Every structure is written in C-alpha cells, then in structure tokens.
Amino acid sequence: MIDTSEKNFETAIEQSLINNGYRSLNSKSYNRSLCLIPEDVINFIQATQGKEWQKFKAQYNNDAKEILLKRLCDTIKKRGTLELLRKELKVNGCRFKLAYFQPESTLNEETHKLYQANFFTVIRQLHFSEKNEQSLDLVLFLNGLPIFTAELKNPLKGQNVESAIKQYKQDREPREPLFKFGVCLAHFAVDPELVYMTTHLQGINTKFLPFNQGRNGGAGNPDSAFDFATSYLWQNVWQKNSVLDLLQNFIIQIEEEDDKGKSTGKEKLIFPRYHQLDTVRRIVSDACNKGVGESYLVQHSAGSGKSNSIAWLAHRLAGLHDSSNDRIFDSIIVITDRRLLDRQLQKTIKQFQQTTGVVENIDKTSKQLKEALEGGKNIIVTTLQKFPVIVDQIQSLRGQNFAVIIDEAHSSQSGESSKKLKSVLSTNSLEVAEAEEIDNEDETLEDRIVLEAKQRGKIPNLSYFAFTATPKNKTLEIFGTKQSDGSFKPFSLYSMRQAIEEGFILDVLANYTTYKTYFNLLKTIENDPQYDSQKASFLLRNFVELHEHAINQKIAIIVEHFHTNIAQQINGKAKAMIVTRSRLHAVRYKLALDKYLKDKYPYKSLVAFTGTVNDGQEYTETGMNTASTGQYISDAKTAETFRQEEYRFLVVANKFQTGFDEPLLVAMYVDKKLQGVNAVQTLSRLNRTYYPLKISTMILDFVNEISEIQEAFQAYYDRVELTEGTDINQLYDLEAKLEDYDFYTNNEVEAFAKVYFNTKATQDRLYAILAPIVDKIKEVEEEERRNFRKLLQEFIKLYGFVSQLLPIPDKELEKFYQFARHLIRKIPVNKDTLPLDVQENIELEQYRIQQTYQGKIELEKGQAELNPVVISEEEKTRQKELEALSEIIEEINKKFGTDFSEKDRVFIEQLELDLDKSESLKYSFIVNTTENAKITFNEVVKDFMEDTIDSNFNFYQQYNKDIEFKSLLLDFLFERFKKRVSCCAFKQL
C-alpha cells in the first residue's frame, strides 16, 4: 500500500535536494543558540580562505572557532544574514567571506573555483528552540547559515498549505532566534499543490504571499503527470545555482517608508514573486543566447510589482556577458514617468553592487545624457517626453549596444519620440551627426531620406524590454513574440485574473454602482431657431453636466457615500478619487466639494490638472490647492501631499489616472466616459492592497454603462493575443485617398521634401510651399476639411507605427509623412461650442440622479483576442439635420425626462441595452433594406418582451393590448436603434 504520509512527502523533497548536490544532516548538527551549523561555517572558511583563517587562529589558538562563531552570530543579529552573505564578516583585523557568488564572466578561474566551493545542507525535523522540542519540517543552509525554512503538509492526510500557514502564525514564536527578522530569508508553507511564503514571521499578523506558477491564466500550479505540482520549488527554485542567484541578484533588504515617503526606521525583506523571478531569468537567458536586437513584451498586471521587476532586470542586463565574456549591453536605458521607479532602482542596485553612481537620472540637459553614455553609466533613467529634446542637442555618441526598458509601453513607441530615441542609440549615430555638420557632396537627398526612414525601423544594436499591464494591438506587434500561426503574444504574462485570485491586487469590479441622470430643459424664448440636432444635443448635454445644480447633486452623493461607507476604512485613513471629464469640470468639482465639506466634515481635498483654466477667473492646480489648504502646494507635490492623513479626496482631470500608486485609495467616483485601455488603467488605481486592512474597493459611476466597463476589462483579464500582423499596404491605400482630395500635388510634396531634408534650408521656404495648399483647404466646407484632416491624422499615426515593420524603408512614404506632419498643423480646426443664444435661452428645469445598478461586474475566463491595426474609411459628409430647438429639447426629455413611470423607464433602457448586444440584429441593418430590417427588429423586440412577462407584467400587457402604444414604442425603439447602429458601423469602418 502506498505511503501517503507527510513524512513520505518530506522524504521525497529531501531526496530530490540530495540528488542536486545538497548534504543531509540531522538536527544535532545545528546549534540552537547560535542559529547555524558550526562545523559547516568553519569548514567553508578553512577550505576557501585558509590564509585568513591561519591569521585569525594565530591570535586565539584553540578559542578561534568559538570567538569567530560568536562574532558571526552577533553580526547576524545586528545586520542580518543577507548582508553578511553579500559582504563579509569583519573580526579582529580579519575579513571572512561567508559565500561566493557567480562571477559575470569566466575569465577568472579562481573566482569560479570559489563559487563551486559553496555547499548546501538540508536538515529535516530541525529542533530550533532552546525552550522546547518543537521542530521544523525542513531547513536549508548555505555554508552553515540558515536561509530558508519550510513546513510541509499533505492534503491526503487532511491538512494543506493553509494548515502550514496557520502553524507558522500560531505555533512559531517570532522571538525565537531562528525566526527573528533577517536571520532566515524566507519561510515556505508547502503542500503538493500550492506554495506560499513570507520573509517576516509576526505571529497572527504574518502576511504570506503565494509563490505559484499560475494555472490556465489564474492562480495555482499546472498539474504534473510525473511529479508533485509544486516540485518546481525544490527542483528549480531551491536548486543550488538558483539559490545563489536569489541571494546575489534578487532578495532586497530595505527600510520601510510611511505614507509620506519617510523612513520608519524598520526594515523589510523583499523576496521576488514567482512571476517576477521567472520573467527576469527567462529574459536574461534569452538575451544572453540571442544577443542584441531583440524585443520582449512583459504583460504584468497593475500592482504586480513591475518596479522591482524592472529594477532586477536592469541590474541583471547591466552585468550580462556572452559566451566570449564580452558585455552584451554597454548601457541600460530605463524610460519611465515614475520618480518612484528611479528611487526603487537606486535602492535595488545599491543592494547588489558596491560601486557608487551606477544609476543616473537624466531629467535636464543633453550634456547630462551625453556624459552618462560616454562615461559608461550602467543604468540611465529618463522619460520619453524629455528624450527627444535631449537628443536634438547631442552632437555625437560612440557606437554602443543598448538595452531600452520601457515602463508602461503603449503606442507611444510608434512616433517621432521612438525614432529620435533610435537615432541617438544607433550604431551609425556618430556618422549621422558628422554628416549633418559638413556639406557631403556624395550624400544625395535620397540618401538622407532613406537614412531617416531606417532610423524608424529595427536597430541592430538595440534591444527593447517593454512592460505594460494593458498592451494595445500596436504594442503586441512591435514588442510581442510572433507565433507560428502569425499571431503575437507577450513573452511573459502575469494576468489580472491571476493577480486577483492570488490576492496581489483587489478586484475593482467587485463593488460597482452605476447612476443614470434624468433632466428636463426649458426653452425660454418665443421664437424657435434651428440648429444641427446631433451637435446641439451633445452640447446641450454638456451644458447640463457643467450646470451648478448637476455638480452639486453629484457632490452630495459622493461626499455622503464616502462618509457613510468609506471614511472609516483602513483605520480611518481611506481615500477617494473623483474622476472628471475635463479640466473645467475638475475646477467646478473642486470648488463645489470644498463648499460642501466646509463646516460639515473634516475632510480636505486636492485637485490635479494641467495648465490654466479660465472660468471667469484663472485657475491652476497649484493655485487652487494652495488657496484651499492655506499652504503652498506646487503641482509637483500634489501626490506627496495627498498621502497626508487629512487629505481624503483627489479631484482629477486626466492626471493621476495612470501610474499613480496609492494603496489608501478605496473609492472612486467617475464622471467621465471611459473606454478600452483608459478604463482599465483609471479604475486600476484602486487595486493596490493595504494588508490586512484594505479588503475591497467601491466605484460609483455616473456616466458609463456596465457593458462598456465589462468589455474594456475583459480584454486584459486573462490571456491576450494579437490575431495577426498589420497589413502594411493600408498605408498606400490611405495615401491614395488623401490624394483624391486634390489639395496638393506630387510636385509640391517633392518640393517640401527637398527643403525639409536640406540642413541648410530655411523655414520660410517650408511655409511658402504649404501656404497655397492650406488656402485650398480653407475654401472647402467645414465637414470636408474635417474629414481630410482626420485621414491625414490617420496616416501620420499609422506610418509612425508601420514604418517600424517595413522590411525595406520606403523613401516616398517618408517624404509624404514629413509633409503630412507639418501640413496638419496648419489646417484650421473649428471647435464646437454651444451658441450663446442657446445658452442664454435654455434653463435646467428638472435634474435628478437615479441608481441603476449595484453589484459585481463579472468577467469570463479565457483568452481574449485583439485585432490588427486597421485604418478608418473616409468619413462621409454628414448632412446637418436642422431641427427646431423645441424638437431637440423634446427628444432629450423623451430620453431623460419623466414621461414614463420610473420602473418603465428603467425597463425600456434595459431593453435597449439588450437590443444593442444582438450582433445578428445589427448585421440585419447593414445587409437588408430598411423595411426588412424593421420586420426583423419587431420580431426580436417581441421575443425580448415575452421574456419579461414576469418581471414587468403591466408594461407587457399594455404593449400587447394597446396597438397604438405598441406601434409608437416600436417606431421609437427602431429609430433610436437605427441611429446607434449607423453610428457604430460608421466608427468601425
């Protein structure tokens, strides 16, 4: 009969470790007071540092071992095992290494011998206490020093990994010498299916984190046909070279910071999560084998620890050597917008290397960048926004190999910023710079254009490592790994689903509430002027949402909800973000919020937006925050100030919707249309954990529908792939459509190129070429001008992306691209505003907000697919639908007024939502005549109505018996659906 005991599980792990070079000792070899294996320590020192040992022994003779071990024990208590292993033990004029790590190259044979001299020991049932005979299932030692402990459980005997965690929390006294912080580097709870770990035992407050590979996009581990699902732990992670790599390159001991970013005086150990360790190691291995010129996409969920992953990767790449012992990368350039990442890099690198100034932050001058690159700075941190400005001033750089790590990579890498980055880092950058300084008679205009085009494509001395939680189709195609079927996938994936299931982040869709606004407008003049109905309806709605009454109602809902449901969470420290649709909205929200809070609640607020807003007077972020708080708060200090306890609300307009990491955020109030990646990034500001106090989040949404948010998140919830690459020929089709407008000739494009690519030409010649073209464009109708500008913008965006994919640079496209980029800036744009006479003659008669949904937004497991980049078809000129102002208002009031009972209104709107989800119904509108489409539509509505007999019998009865009402309702629903389908189809073309 098979042995299913815990003991057998323990034996299997021990035997695997022995097979991989560990020695097995019994518990008697361990000194409980010193917390180490004395003989192993002495044997290692004598074997690797014989001369130093003899020097030490000459001082103390027979007492040498005892004195050295006591000094070692005392030093571990003060500094921790990690620092001692990385550095050395200093004792009475002697210095001893306690471990030797793998050298970056194989040039020094002696360092490799020392590396091989490390030895590992495993002890089963280790009796650790001087007070009792309690024992640990497994303890691993390096050169006699304890590094990892493990408690093992077997579900076949009624216990699992949770039992092991409970044992650590309840039965392992943190004051025991072995369990004091920094003595052991990690404690593992293990069963045959799952692994959890912690670096600090704190009794019942101990936080254990999952250390699992993931299973089908979620939590857990994949099944193994021949071994335990968790065998990767002892066969890979605990393997000797792996442990030394962890100690040398991953585990970090840093000071903790409070909510204001100041040191608390306490320290914490950071052990990589499995996905971080696996990702960095696989990338480093691949880059070592393939060399420079590759691209890697890392899709790791927000809150998954990307800052540490980037820091570890930058450190490893900086020291990476090939098989010939040559450095693969001369410099590592990290492109980010987060100052936090720079601080994290500094802390991380400081842990691993003694050399100062390894990391250089570039935020000011070109001279700073040039000096950093030429001075051999290993890691350089800058921003994509600053980089082009810096690059423009750089005159020369020697040819080197570069690794570029991009934090939150999106399609920003497909434009001029990317080209200039590649330009300065390319192997021929010196030659390019010199060519610009001299009149090279052999260099033709065509040569310059081809060179410009080449700098957009793949650069052989440049590798990209792109990190993002939400890759767009462009990001996947540029940085992703191409599959055999032509699709593209991330090199590494740690999905939102897995992060949620493992508890690394919170599910921000778990508590989602939506509201609908209902209002009536009143016309206050006798005459009935006519306006474009579609435009006027949109602008009237915007007029309503900026109205003081509307904002005040929402502020009341927000503050009372916060005070009742949020304020007391996280021991009274919980915070909220209010997301507004524009800078003007942010200003008015801030003013209304402060007015509501005054003398009623003790909460303070801050606002964040860029630039200056004129709303009767000028408002800036700095000015508003300073005025409301009584202290000067620059816009650079807004985030830092928000961490202070009294600030509970942050009103934002675009700022802080991405990259803002504040674990105390519990609630978000949304008054802005959110779509796609923007929705995911914005709402994910809430997902950071604050163990153990923050257990959930809440979102109140005044604008978006549940189906829209669900669709946005679904693409990034589990696995994602790009189905196929972009059809490059779309560029030529788009170029032909633009030519059809007859605003310019090929000769004019050629003339522009000759001037633009001539380094000695002057700008006035460019203006002279563009002026008559702009005059032609100004002469046409506004709609035609708008459509042309839209297509021109489409070409510019698409070329910036596709030019990186072209196998052969196309100089003609490059010419037109530069022409288009400059022409579009000269085309006038008319901004739609609500006519003054409409604003003066409309009043908001009724306005109310009704909750429409409360609960969890469910997402489906499985792979999501992104489609390749497809250009938009030319927009057809829309005939303005002029309607009387009274009819426009009547239509709006039909949708948002109170003609139906509230229950009926909600029912109709739900019916419209159901109709919108029917793809077959939408398709029938595209392929059928209006009459046939109406027949199909009526049948679908009939089916929906019959499905709702139980939930709304009275409405169904009226619909079924009252023929006039039925006809009116069907016509009303049909016309509205037809408009929505036309709009959607138009957007998709």
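This is a selection-by-selection tour of a predicted model.

**Strand β4 and its partners**

Start by selecting residues 120-127, which form strand β4. Six of the eight residues of this strand are buried, so the rest of the structure largely encloses β4. Add residues 23-25, strand β1: β1 and β4 pair in the parallel sense over three bridges. To see one of the pairings, show S24, whose bridge partner in β4 is V122.

Now add residues 135-142, strand β5. β4 and β5 run antiparallel and are joined by seven bridges. V122 appears here too, with L140 as its bridge partner in β5.

**The nonpolar cores**

Next, select F148, L178, F188, F211, L233, W238 and I405. The largest nonpolar core has 113 residues, and of these the seven just selected touch the most other members. Centre on F148 and show what surrounds it. Neighbours within four places in sequence set aside, F148 is in contact with L138, V139, L140, L185, A186, F188, W238, V243, L246 and F271. L140, one of these contacts, is the residue of β5 that has V122 as its bridge partner.

A second core, separate from this one, has 93 residues. To locate the second core, select L297, I459, V508 and L823, which are among its members.

**Helix α32**

L823 leads to the next stop, helix α32, residues 811-823. How far apart are the end C-alpha atoms of α32? They are 18 Å apart, in agreement with the 18 Å that its 13 residues should span at 1.5 Å a residue. Of those 13 residues, 11 are buried, so α32 is largely enclosed by the rest of the structure. The buried residues are L813, E814, K815, F816, Y817, Q818, F819, A820, R821, H822 and L823. At the start of the helix, show the side chain of D810: one of its oxygens comes to within 3.0 Å of the backbone nitrogen of E812.

**Salt bridges**

Side chains of opposite charge can pair when their charged atoms come close. The count of salt bridges in this model is 34. Three of them, and one network, are worth selecting by residue number.

- Select R172 and E151, which form a salt bridge with the closest N and O atoms 2.7 Å apart. R172 is in the loop between α7 (161-171) and β7 (186-190) and E151 is in strand β6 (residues 145-152), so the pair ties together parts 21 residues apart in sequence. Buried or exposed, R172? R172 is buried, with a relative accessible area of 4%, and E151 also counts as buried, at 1%.

- Select E705 and K516, whose side chains meet in a salt bridge at 2.7 Å, N to O. This pair links distant parts of the chain, 189 residues apart: E705 is in the loop between β29 (698-701) and α27 (706-717), and K516 is in strand β21 (residues 512-523). E705 is partly exposed, with a relative accessible area of 22%.

- Select E560 and K600, a salt bridge with its closest N and O atoms 3.1 Å apart. E560 lies in helix α21 (residues 548-566) and K600 in the loop between α23 (583-597) and β24 (604-608), so parts 40 residues apart in sequence are tied together by the pair. E560 is partly exposed at 24% relative accessible area, and K600 is partly exposed at 46%.

- Finally, select R497, E501, D718 and R719, which salt bridges with shared partners join into one network.

Technical notes. Residues numbered from 1 in each chain as written. Predicted model: local features only at pLDDT ≥ 70, side-chain atom pairs only at ≥ 80, totals over all residues. Heavy atoms only, no water. Helix = DSSP H or I, 4+ residues; strand = E, 2+ residues; numbered from the N terminus. Expected span 1.5 Å × (residues − 1). Buried < 20%, exposed > 50% of the residue type's maximum accessible area, 1.4 Å probe, protein only. Polar contact = N/O pair within 3.5 Å; in protein donor to acceptor, adjacent residues only side chain to side chain. Salt bridge = Lys/Arg side-chain N within 4 Å of Asp/Glu carboxyl O. Core = buried A, V, L, I, M, F, W, Y, C linked by side-chain atoms within 4.5 Å. Contact = heavy atoms within 4.5 Å. Pairing = 2+ DSSP bridges.
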